[in-house]
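User: I am new to this structure and would like to learn how to read it. Could you take me through it feature by feature?

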Amino acid sequence: MDAQTGREEMSAAFDTSTLDKPTVVAPRSLARAPQTNTFEPRWVRWTLIAIALAFLTLFLFVPLVAVFTEALKRGWDTYIEAIIDPDAISAIKLTLIAAGIAVPLNLVFGVAASWAIAKFDFRGKSVLLTLIDLPFSVSPVIAGLIYVLLFGAQGWFGEWLAEHDIKILFAAPGIVLATVFITFPFVARELIPLMQQQGTEEEEAALVLGASGWQTFWRVTLPNIKWGLLYGVILCNARAMGEFGAVSVVSGHIRGETNTMPLQVEILYNEYNFTAAFAIASLLALLALVTLAVKSFIEWRLHQSRSADTGTTERTQ
């Protein structure tokens, strides 16, 4: 009896029924953590908004108002006369020609480079990315001097160009080359992250279903990148028309022949012809405003497109 009583006491002491119901005790620090407000006080938000508006007013709105005020200071007749001046017309035409050649070239290069970098793995991929970013790290004036070194009278190809009566520097071809160099990263740098985010699943599916490479590009890849492509083209065109440094080096500042709109503004301002200078500058300002409006619209459509793609991905998962 004593042995049986001892076993019962031991089983009661080591009852394992309670082991099946573990009790989780929250840490005291978490249980008693106070609720904190993650929003800034209202006065902090209004102060930051006021500072941002003050900077925008001082560095954006006031200069824009000053440009249009000075351009129209002597009336519409003087303004129109400055715009239709032969030298101004020549500068506008040359600017449009340079942008009209540089933008399509950069469009083709940007799409090809982005497609290769985002969709394929190959040797020299990092080198290509570095070369694409080169115009961002090189001063535009240095870029212009590079073309002087190559195509100038004392440059590497200067004698050969002179023998064949080919003019690149101080002529439209040099301006186009400088514009192309300065602006070619814009399309590629906009498309590369977009294509990398989209991946290669849709293209691989199209190829499995029997589509050719061109069919895959035109019907799958291009529709997916159209808004990002337009965004890059808009930025490229704005930079092409407003470029000053590289174009200034290779143009020679020949009035009526090699002056673009920014160079024409500089010449008129240095001659104290302020009304004409601000008239040409107002055209560039209008271009900037139109570019900003189109850019905002494309950003909105791009955001809508990415949101739709994200929602579709979540539903398929």
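User: How far does helix α9 reach from its first C-alpha to its last?

Analyst: Keep in mind that this is a predicted model. Start with the idea of a helix span: each residue is expected to add 1.5 Å. Helix α9 covers residues 172-183, 12 residues in total. Its reach is 16 Å, close to the 16 Å expected.

User: How many residues of α9 are buried?

Analyst: Buried means under 20% relative accessible area. In α9, 9 of the 12 residues are buried, so the helix is largely enclosed by the rest of the structure. The buried residues are Gly174, Ile175, Val176, Ala178, Thr179, Val180, Phe181, Ile182 and Thr183.

User: What covers the buried residues of α9?

Analyst: The cover includes α5 (86-119), α6 (125-137) and α7 (140-151). It also includes α10 (185-198), α12 (213-242) and α13 (245-251).

User: How many helices and strands does the protein chain have?

Analyst: The protein chain has 15 helices and 0 strands. Of its 317 residues, 33% are buried. Now look at contacts with a separation of 6 or more: 72% of them join residues 24 or more positions apart. The accessible surface comes to about 20,600 Å². Carbon and sulfur atoms hold 65% of that surface.

User: On to empty space. How many cavities of 30 Å³ or more are there?

Analyst: A cavity is a space where a probe fits but cannot get out. The count here is 1 cavity of 30 Å³ or more. The largest cavity holds about 50 Å³ of space. The elements that give two or more residues to its lining are α5, α9 and α12.

User: Which residues line the largest cavity?

Analyst: The lining consists of Thr95, Ala98, Ile175, Thr179, Ala240, Met241, Glu243, Val247 and Thr260. Two of these names came up earlier: Ile175 and Thr179 are also among the buried residues of α9. By type, the lining divides into 5 nonpolar, 3 polar and 1 charged.

User: And the second largest pocket: how much space lies in it?

Analyst: A pocket, in contrast to a cavity, is an open set of points. The second largest pocket holds about 240 Å³ of space. Its lining is made of Leu60, Pro63, Leu64, Val67, Ala281, Leu284, Ala285, Ala288, Leu289 and Leu292.

User: Which helix gives the most to that lining of the second largest pocket?

Analyst: Helix α15 gives the most, with 6 residues. Both α3 (42-71) and α15 (274-316) supply at least two residues each. The lining divides into 10 nonpolar, no polar and no charged.

User: The numbers of some lining residues in α15 look evenly spaced. Why do residues three or four places apart in an α-helix point the same way?

Analyst: An α-helix has 3.6 residues a turn, so residues three or four places apart point the same way. Among the lining residues are Ala281, Leu284, Ala285, Ala288, Leu289 and Leu292. Compare Leu286, which is also found in helix α15. Leu286 counts as partly exposed, at 39% relative accessibility. Its C-alpha is separated by 9.6 Å from that of Phe68, 218 residues apart along the chain.

User: Let us turn to loops. Is Asn259 buried or exposed?

Analyst: Asn259 is buried, with a relative accessible area of 2%. Yet Asn259 is found in a loop, between α13 and α14 (261-270). Leaving aside residues up to four places away in sequence, Asn259 touches Ser90, Ala91, Leu94, His253, Ile254, Gln264 and Ile267.

User: How many residues of α14 are buried?

Analyst: In α14, 7 of the 10 residues are buried, so this helix is largely enclosed by the rest of the structure. They are Met261, Pro262, Leu263, Gln264, Val265, Ile267 and Leu268. Gln264 and Ile267 are also among the residues that Asn259 touches.

User: What sign of phi should I expect in the backbone?

Analyst: Most residues other than glycine have a negative phi. Tyr272 has a positive phi of about 65° although it is not a glycine. The residue sits just after α14, in the loop between α14 and α15. Tyr272 counts as exposed, at 66% relative accessibility.

User: What is the phi of Asp165?

Analyst: Asp165 has a positive phi of about 55°, and is not a glycine either. Its place is in the loop between α8 (158-163) and α9. Asp165 is exposed, with a relative accessible area of 67%.

Technical notes:
Residues are numbered from 1 along each chain as its sequence is written. This is a predicted model: local features need pLDDT of at least 70, side-chain atom pairs count only at pLDDT 80 or more; totals for chains, interfaces and linings use all residues. Side-chain values use heavy atoms; hydrogens and water are left out. Helices (H or I, at least four residues) and strands (E, at least two) are DSSP runs, numbered from the N terminus. Buried means under 20% relative accessible area, exposed over 50%, partly exposed in between (1.4 Å probe, protein chains only). Contact means heavy atoms within 4.5 Å. Accessible areas come from the Shrake-Rupley method with a 1.4 Å probe; for residues, only the protein chains shown count as cover. The expected span of a helix is 1.5 Å times one less than its number of residues. On a 1 Å grid over the protein atoms alone, a cavity is a set of points where a 1.4 Å probe fits but cannot get out, and a pocket is an open set with protein on both sides within 12 Å along at least five of seven lines; lining residues have an atom within 4 Å of a point. Grid points are joined across faces, edges and corners, and a volume is the space filled by probe spheres set on the points. Ala, Val, Leu, Ile, Met, Phe, Trp, Tyr, Cys and Pro count as nonpolar, Asp, Glu, Lys and Arg as charged, and the others, Gly among them, as polar.
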